[in-house]
Amino acid sequence: MLTISYVVFVDGNKVLLQLREGTGFMDGYWSIAAAGHVEPDEGSMDAVIREAREELGVELRPADVHLFISALRQEPFIGANEVVDDFYLTTCWSGTPQIMEPDRTADLRWFDISHLPQNVVPHERPVLLELLQD
């Protein structure tokens, strides 16, 4: 089973999204700004801290990252029949988020949570909309 960790950056009523490009998965869709596979011998929380640094150039402290939703989904075309998605939230980080992997990200932008773009990765949209309920 594959685990993918995501970190949703929240600033007031806005969330940070990246426009996927060159990844081979959901290119042309807006996605949670930092996410990735949990490496062997790595915890899910450690993965979001690493991904935030690698993809956005920002530093997170474990005390500032909180598990929001964990979900199981079927995703046979990425090489794993079952995927666990761990979605974390943060409102506090060090540094300014920026595109660190320009070959995989076409744009990086803050969106009002109540006005998300139409082309958000389908399994991520319900998680983002859940923020409206909190």
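**Buried charge, aromatic pairs and nonpolar cores**

Glu124 is located in the loop that runs between β7 and α2 (125-133). The model is a predicted one. In this model Glu124 is buried but takes part in no salt bridge. Arg20 carries the nearest side chain of opposite charge, at 5.6 Å, whereas a salt bridge requires a nitrogen-oxygen distance within 4 Å. Residues up to four places away in sequence aside, Glu124 touches Tyr6, Ser31, Ile32 and Phe87.

Two of these contacts, Tyr6 and Phe87, also belong to the aromatic pairs, of which the structure holds 4. Tyr6 and Phe87 are stacked, with 4.2 Å from centre to centre and 20 degrees between the planes. Tyr6 is part of strand β1 (residues 2-11) and Phe87 part of strand β6 (residues 80-90), so the pair ties together parts of the chain that are 81 residues apart in sequence. Tyr6 has a relative accessible area of 3% and is therefore buried. Phe87 is likewise classed as buried, because its relative accessibility is 1%.

The pair formed by Trp30 and Phe111 is edge-to-face, because the ring planes stand at 75 degrees, with the centres 4.9 Å apart. Distant parts of the chain are linked here as well: Trp30 lies in strand β3 (residues 30-32) and Phe111 in strand β7 (residues 105-112), 81 residues apart. Trp30 and Phe111 are both buried. In addition, one aromatic cluster is formed by Phe9, Trp93 and Trp110.

In soluble globular proteins, nonpolar side chains tend to be buried together. The largest nonpolar core in the model comprises 21 residues. Within this core, the residues with the most contacts are Val8, Val15, Leu17, Leu116, Leu128 and Leu131. At least two core residues come from each of β1, β2, β3, β6 and α2, and β1 gives the most, with 5 residues. Leu116 is in contact with Val15, Leu17, Phe111, Arg125, Leu128 and Leu129, neighbours within four places in sequence being left aside. Phe111 thus appears both among the contacts of Leu116 and in the edge-to-face pair with Trp30. A second core, separate from the largest one, has 14 residues, including Val7, Phe9, Ile49 and Leu56. Of these, Phe9 is also a member of the aromatic cluster with Trp93 and Trp110.

Backbone geometry was examined next. Most residues other than glycine have a negative phi. Met26, which is not a glycine, has a positive phi of about 60 degrees. This residue occupies the loop between β2 (14-20) and β3. Met26 is partly exposed, because its relative accessible area is 21% and the buried class ends at 20%. Asp41, also not a glycine, has a positive phi of about 65 degrees. Asp41 is placed in the loop between β4 (34-37) and α1 (44-56). With a relative accessibility of 87%, Asp41 counts as exposed.

A further loop residue, Arg104, lies between β6 and β7. Arg104 has a relative accessible area of 37% and is therefore partly exposed. Its contacts, residues up to four places away in sequence not being counted, are Gln18, Leu19, Arg20, Glu21 and Thr23. Arg20 in this list is the residue whose side chain is the nearest of opposite charge to Glu124. Between the C-alpha atoms of Arg104 and Ser70, which are 34 residues apart along the chain, the separation is 25 Å.

How values were computed: Residues numbered from 1 in each chain as written. Predicted model: local features only at pLDDT ≥ 70, side-chain atom pairs only at ≥ 80, totals over all residues. Heavy atoms only, no water. Phe/Tyr/Trp six-rings, centres within 6.5 Å; stacked < 30°, edge-to-face > 60°. Helix = DSSP H or I, 4+ residues; strand = E, 2+ residues; numbered from the N terminus. Buried < 20%, exposed > 50% of the residue type's maximum accessible area, 1.4 Å probe, protein only. Lys, Arg positive; Asp, Glu negative; His and termini not counted. Contact = heavy atoms within 4.5 Å. Core = buried A, V, L, I, M, F, W, Y, C linked by side-chain atoms within 4.5 Å.
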